[in-house]
Amino acid sequence: MSKRFVLFPLILFLFLFCGSASFAEGKYDPDSRELQLQDMLLLTLLPYMESQLEQTYASLLTVSPTLYPYLIKVQSVDRISGFRTFSFFLTLEATPMVGPHIAAGKDRFIFKISPHHVTVVHYKHLKDPVLSDFPPNYADMVKNQPLGTRKWGKALLVN
């Protein structure tokens, strides 16, 4: 009788959990040459973007946000003067982070890239940090928030 109680759950466990493969099946995109070049371009533009974000978020956050290349989306790439010319307009949308990957807003950059110059043609801050996106122990990173009006149900104590 006790063998049945042990054998049945064991067979059920093996049937449910050991029957499928443990690796991801299906198609996946390998590290293509195009993706490698895009990532190198983003790494080159990252210092321009971070300096602009540091200025913008100084009045919004108590810390400077971090910008990770994998959170930058290429919106468009346009050649300025036609085929095989080497001046481009590049539009990027970035999500800066603070702390343990807490989204601090959204920003759009338009770069003009030519053989001898990289310039930020246009910058637009799209979204401010939202206090409710921050965990309670990181809420003090957001500036200009009235004390005692946090959205977690409890007021903060003021010493």
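**Close-up views of a predicted model**

**View 1. The lining of the largest pocket draws most heavily on one helix.** In this predicted model, α2 gives the largest share of the lining of the largest pocket, namely five residues. Alongside α2 (33-57), the strands β1 (72-79) and β2 (88-94) each supply at least two residues of that lining. The residues to look for are Glu34, Leu37, Gln38, Met40, Leu41, Val74, Val77, Phe88, Leu90 and Ile113, and by character they divide into eight nonpolar, one polar and one charged. The space inside the largest pocket comes to about 290 Å³.

**View 2. Four strands form an open sheet with antiparallel pairing.** Reading across the sheet, the strands follow the order β1-β2-β5-β6. At the edges are β1 and β6 (118-127), each of which pairs on one side only. Neighbouring strands of this sheet are turned against each other by 15° on average, with direction ignored. As background for this view, the strands of a sheet pair through backbone hydrogen bonds, and the pairing is either parallel or antiparallel.

**View 3. Strands β1 and β2 pair with each other, and helix α2 packs on the sheet.** The pairing of β1 and β2 is antiparallel and runs over seven bridges. Within this pairing, Val77 has Leu90 of β2 as its bridge partner, and both Val77 and Leu90 also appear in the lining of the largest pocket. Helix α2 touches β1, β2, β5 (106-113) and β6 as it packs on the sheet, and its direction makes about 125° with that of β5.

**View 4. Thr91 is a buried residue of strand β2.** Thr91 lies in strand β2, and it counts as buried because its relative accessible area is 14%, which falls under the 20% cut-off. Not counting residues up to four places away in sequence, Thr91 touches Lys73, Val74, Gln75, Ser76, Arg108, Phe109 and Ile110. Among these contacts, Val74 also belongs to the lining of the largest pocket.

**View 5. Leu61 is a buried residue of a loop.** The loop that holds Leu61 lies between α2 and β1. With a relative accessibility of 2%, Leu61 counts as buried. When its neighbours within four places in sequence are left aside, Leu61 is in contact with Val98, Ala104, Pro129, Phe134, Met141, Val142 and Lys143. The view can also be used to find Asp128, which is 67 residues from Leu61 along the chain, while the C-alpha atoms of Leu61 and Asp128 are separated by 9.7 Å.

Technical notes
Residues are numbered from 1 along each chain as its sequence is written. This is a predicted model: local features need pLDDT of at least 70, side-chain atom pairs count only at pLDDT 80 or more; totals for chains, interfaces and linings use all residues. Side-chain values use heavy atoms; hydrogens and water are left out. On a 1 Å grid over the protein atoms alone, a cavity is a set of points where a 1.4 Å probe fits but cannot get out, and a pocket is an open set with protein on both sides within 12 Å along at least five of seven lines; lining residues have an atom within 4 Å of a point. Grid points are joined across faces, edges and corners, and a volume is the space filled by probe spheres set on the points. Ala, Val, Leu, Ile, Met, Phe, Trp, Tyr, Cys and Pro count as nonpolar, Asp, Glu, Lys and Arg as charged, and the others, Gly among them, as polar. Two strands pair if DSSP finds at least two bridges between them. Axes are lines fitted to C-alpha atoms, for helices over the stretch in contact, and angles run from 0 to 180 degrees between N-to-C directions. Contact means heavy atoms within 4.5 Å. Buried means under 20% relative accessible area, exposed over 50%, partly exposed in between (1.4 Å probe, protein chains only).
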